[in-house]
Amino acid sequence: MSTAAHSPPDAARQIQFLRKVQRILEEGHFTATYKFALVHALADLAVQYGDDSGGPLHLPVRAIAERFVELYWRQVAPWPAIEMGTARPPVLAQNTGRQAAVVRMVREARSDFGDRLDRLRARDGEWEALATSVDQTIRKMPLFKLQKVGREPADEFLYPHRLKGRGADATIELRPGIAFCFRTFHPLVLDLVRGSWIRFIRKLNPELLGERTDLGEFLFGAQRSTLEAVRVPLADLQDGSCFYCHRELGRQVHVDHFIPWSRYPVDLGHNFVVAHDRCNSAKSDHLSALRHLENWGLRNEKYSYELPRIFRETGTANDISLSRGITRWAYRQVEDRKGLVWVKGRQLIPLESGWEELIDAA
Ligand SMILES: [Zn+2]
């Protein structure tokens with residue numbers, strides 16, 4: 001989507017991007033949590049669809065809508081309140097007035113499918129209908145309100161306020177340099193967004209929340225049901241041994257995000273491996289050393305038929321080229337920051353060279 005004529009934004013423009021995003025989150029004129037969902041979605045999609053050339057990026061509004069559904073799906077689960085004694089378990093308010101429209105739509109869908117977003121996805125008609133309604137709603141709000149702060153005219157620094165294309169194919173165009181910045185600062189942007197989102201929800205739901213501290217986990221944790229569904233089939237595929245240390249798994253089989261959830265919070269099938277709890281905790285939020293990356297590639301290649309079948313049967317979203325793209329992005333981040341990668345136990349080493357070739361081969 002980019003051309004050779006572009007180059008990455010310089011440091012001054014990158015800082016300016018961060019200041020403006022921060023300002024939107026702090027001051028934007030909003031009564032619902034949509035703006036948080038939208039910035040979150042833009043950052044995620046820039047990683048999925050973009051590159052680091054500094055060029056512009058067309059993003060389908062439909063893809064933004066689907067990301068909204070994924071983000072809110074978890075959040076509209078009944079809040080685990082201690083007592084209530086109410087007939088209907090409480091759902092956290094996401095709006096100062098009436099519950100936000102997208103939240104109502106997602107909540108309704110969730111009442112039929114519970115935690116299993118994957119099951120809804122497998123029903124083409126229903127998934128299509130929900131994504132289309134959300135798509136139409138966000139075109140009215142918040143897509144063209146996000147960049148308006150206070151009484152000033154909108155500062156359209158992220159994307160111009162107009163759609164390209166029509167109907168289900170409509171896109172917005174991120175300006176040159178914006179996808180680059182979202183990709184470079186993805187962890188920072190997500191921290192900003194989530195922190196603001198959590199504070200906003202706290203303010204809206206004082207009675208329900210009190211002093212509870214697990215709100216962040218509730219709002220943004222991984223979808224446990226997806227992880228659970230792939231656990232046994234992946235363990236079988238790995239012959240019952242740990243992906244990292246190759247020893248027998250025994251009973252402690254943990255589904256690990258190869259690219260840690262904290263770095264890129266999307267559940268895509270190829271990103272799952274099974275490992276010991278202790279290997280998983282030791283790896284923590286680190287990327288893996290090259291030996292593991294190589295094994296990940298070999299696994300994907302060796303089971304290029306079985307993996308998609310497992311994902312299909314368990315309703316797990318998957319796309320190997322997308323997973324490769326996210327993996328490449330994540331390793332580049334570590335390389336740019338001269339970060340460390342995990343080998344085993346407490347052993348961390350500088351990222352070795354040759355990771356790009358391994359991912360391309362995966
Ligand atoms: Zn292990």
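## Cys-242 and the zinc site

Cys-242 is buried, at 1% relative accessibility. Here buried means under 20% relative accessible area, exposed means over 50%, and partly exposed lies in between (1.4 Å probe, protein chains only). Cys-245 is partly exposed, with a relative accessible area of 22%. This is a predicted model: local features need pLDDT of at least 70, side-chain atom pairs count only at pLDDT 80 or more, and totals for chains, interfaces and linings use all residues. Residues are numbered from 1 along each chain as its sequence is written, and side-chain values use heavy atoms, with hydrogens and water left out.

Both cysteines bind the zinc ion through SG. The other protein donors are His-276 (ND1) and Cys-279 (SG). The donors lie 2.1 to 2.4 Å from the ion. Donors are N, O and S atoms within 2.8 Å of the metal (3.2 Å for Na, K and Ca); water is not among the atoms, so sites may look incomplete. Along the chain, the donors follow the spacing C-x2-C-x30-H-x2-C. The site is tetrahedral, with angles of 95 to 121° among its 4 donor atoms. For four donors, that label requires all angles to lie between 85 and 135 degrees.

## Unusual backbone spots

Met-141 and Pro-142 are joined by a cis peptide bond, with omega about 20°. Pro-142 sits in the loop between helix H6 (124–140) and strand S2 (171–174). Helices (H or I, at least four residues) and strands (E, at least two) are DSSP runs, numbered from the N terminus.

His-246 is not a glycine, yet its phi is positive, about 65°. His-246 belongs to the loop between helix H11 (224–237) and strand S3 (254–257). Lys-338 also has a positive phi, near 50°, and is a residue other than glycine. Its loop runs between helix H15 (320–336) and strand S5 (340–344). Lys-338 is exposed, with a relative accessible area of 73%.

## The S5–S6 hairpin

S5 pairs with strand S6 (residues 347–350) in the antiparallel sense, over 4 bridges. Two strands pair if DSSP finds at least two bridges between them. The two strands form a hairpin with 2 residues between them. Gly-345, in the turn, has a positive phi of about 45°. Leu-340 stands opposite Pro-350 in S6, and Trp-342 stands opposite Leu-348.

Ile-349 is in strand S6. Ile-349 touches Ala-289, Gly-339, Leu-340, Val-341 and Val-343, not counting residues up to four places away in sequence. Contact means heavy atoms within 4.5 Å. How far apart are Ile-349 and Pro-142 in sequence and in space? They are 207 residues apart in sequence and 44 Å apart in space, C-alpha to C-alpha.

## Two nonpolar cores

In soluble globular proteins, nonpolar side chains tend to be buried together. A nonpolar core is a set of buried Ala, Val, Leu, Ile, Met, Phe, Trp, Tyr and Cys residues joined through side-chain atoms within 4.5 Å. The largest such core has 72 residues. Those with the most contacts inside it are Phe-17, Leu-42, Ile-64, Phe-68, Leu-158, Leu-174 and Phe-182. Helix H2 (residues 34–49) gives the most to this core, with 10 residues. Another core, of 43 residues, lies apart from it. Phe-243, Val-274, Ile-310 and Trp-342 are among its members.

Ile-64 shows contacts in the 72-residue core's neighbourhood: leaving out residues up to four places away in sequence, Ile-64 touches Leu-38, Ala-41, Leu-42, Leu-45, Ile-138, Leu-143 and Ile-172.

## Two buried polar residues

Thr-316 lies in the loop between helix H14 (306–314) and H15. Thr-316 counts as buried, at 5% relative accessibility. Its side chain joins that of Thr-314 in a polar contact of 2.8 Å. A polar contact is a pair of N or O atoms within 3.5 Å; within protein, one must be able to donate a hydrogen and the other to accept it, and residues adjacent in sequence count only if both atoms are side-chain atoms. Not counting residues up to four places away in sequence, Thr-316 touches Thr-226, Val-230, Gly-269, Phe-272 and Phe-311.

Asn-205 is in the loop between helix H8 (186–204) and helix H9 (206–209). Asn-205 is buried too, at 4% relative accessibility. A polar atom of its side chain lies 2.9 Å from the backbone oxygen of Ile-201. Beyond four places away in sequence, Asn-205 touches Leu-92 and Ala-93.

Definitions and conventions: Four donors count as tetrahedral if all angles lie between 85 and 135 degrees; four count as square planar and six as octahedral if opposite donors are over 155 degrees apart and all others between 65 and 115; anything else is irregular.
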